[in-house]
Amino acid sequence: MQHGPSTIELVDGRPWPRVEALRHGPFPCPGVEGPAGVFDDTRSLLHVTPHFDPSRPFVVIAFFHGWCATLTHRIGGHRYHVVETYRLIEQVDDSGLNAVVVAPQFARDADTDIVATPGHPGRFGEPGAFARFVDEATAHIAGRRGDEPERYGRAPILLASFSGGYRAAAKVLTVGGVSDRVIGFIGLDTIYGETEAFTSWFTAHHRQAFIAAVYTGGREHDFASAGPTLALARTLSDMELPGVRVYDSLPRTLRPGIAAFRHVGDPVRHLDLVAAGWPRFNRPLRRLLARVTGFSSGKPAPAR
């Protein structure tokens, strides 16, 4: 199992954000093996936005990290950290959404030099597994706050993925048991494949959901996300789904029926994309979350 404590408060004296060991996370997963510490960490990052009010409409934000990442430097890792490098918590808090955050640990601090499949979805590839994870994670949040867990079980889900998180995202959207609850997918240079899965999900749920994906590269970059992302955009455009608008930019509001795909430059931007963004669009997750309609906290963002 993971090395180190199962529960960590990341800000002294404050309950959120925190890291908790959960039974229904993606790992460990039968048949998936690697060096100690890569595929055996059961912990997830849990957070509640500063002005969270469960009596108002709220959303569960599920974030899937990419290769070479660890949830926080407090549990190790030598390269990228979801809290400190991606600045995930800061970006969600500043978006103004009434939200809770769940971010599971996938392969920890790993790339293909360490394991063959650092983007493995683990148990999230099993039917209904992600639904069990979300239920457990939000029950932890509700219990610590003294809220009724049933309210969280009905909450819509907003799925966000960076880089190698796309394999797990595709499984969640197709077999995760939550497809009818997902109201949007935000992809940050992440659609490297699984385009049939994204197409299938959006085709079935475009009346309740949006997709907004940014990508890097072009024809000269075989390893970039441009090819698969543009293929998905063309497929959705050619389908002419009723009520769907396919954009090559990011509209001011993200609402059901929108499929937006934005080129943001050369792949050299990739590793810093979650926090740094691209020219005139820094901290992109904050900006994209702020465009999601229907879940405003009604309160100003915290001072930085």
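Let us start in the middle of things, with strand 10 (residues 210–215) and strand 12 (residues 258–263), which run parallel to each other and are joined over five bridges. If you want one pair to look at, take Ile 211, whose bridge partner in strand 12 is Ala 259. The model you are viewing is a predicted one.

Now step back to the whole sheet. Ten strands, or to keep the count as it stands, 10 strands, make an open sheet with mixed pairing, and their order is 1-2-3-7-4-8-9-10-12-11. Strand 1 (7–9) and strand 11 (245–247) each have a single partner strand, so these two form the edges and one side of each has no neighbour in the sheet. From one strand to its neighbour the turn is 15° on average, with direction ignored.

Helices pack on this sheet, and two of them are good to trace. Helix 4 (residues 166–175) touches strand 4 (59–64), strand 8 (157–162) and strand 9 (182–188), and its direction makes about 155° with that of strand 8. Helix 6 (residues 226–239) packs on the sheet as well, touching strand 10, strand 11 and strand 12, with an angle of about 145° between its direction and that of strand 10.

Helix 5 (residues 195–205) is worth a stop too. Its buried residues include Ala 197, Phe 198, Thr 199, Trp 201, Phe 202 and His 205. What lies over them? The cover of the buried residues of helix 5 includes helix 4 and helix 6, along with strand 9, strand 10 and strand 12.

Next, let us visit two residues in loops. Leu 254 sits in the loop between strand 11 and strand 12. Is Leu 254 buried or exposed? Its relative accessible area is 2%, under the 20% cut-off, so Leu 254 counts as buried. Setting aside neighbours within four places in sequence, Leu 254 is in contact with Phe 210, Ala 212, Leu 288, Arg 291, Val 292 and Thr 293. Gly 143, by contrast, is 111 residues from Leu 254 in sequence and 31 Å from it in space, C-alpha to C-alpha.

Val 32 belongs to the loop between strand 2 (18–21) and strand 3 (43–48). With a relative accessible area of 14%, Val 32 is also under 20% and therefore buried. Which residues touch Val 32, leaving aside its neighbours within four places in sequence? Val 32 is in contact with Phe 27, Phe 39 and His 120. Of these, His 120 lies 88 residues away from Val 32 along the chain, while their C-alpha atoms are separated by 8.4 Å.

Technical notes:
Residues are numbered from 1 along each chain as its sequence is written. This is a predicted model: local features need pLDDT of at least 70, side-chain atom pairs count only at pLDDT 80 or more; totals for chains, interfaces and linings use all residues. Side-chain values use heavy atoms; hydrogens and water are left out. Helices (H or I, at least four residues) and strands (E, at least two) are DSSP runs, numbered from the N terminus. Buried means under 20% relative accessible area, exposed over 50%, partly exposed in between (1.4 Å probe, protein chains only). Contact means heavy atoms within 4.5 Å. Two strands pair if DSSP finds at least two bridges between them. Axes are lines fitted to C-alpha atoms, for helices over the stretch in contact, and angles run from 0 to 180 degrees between N-to-C directions.
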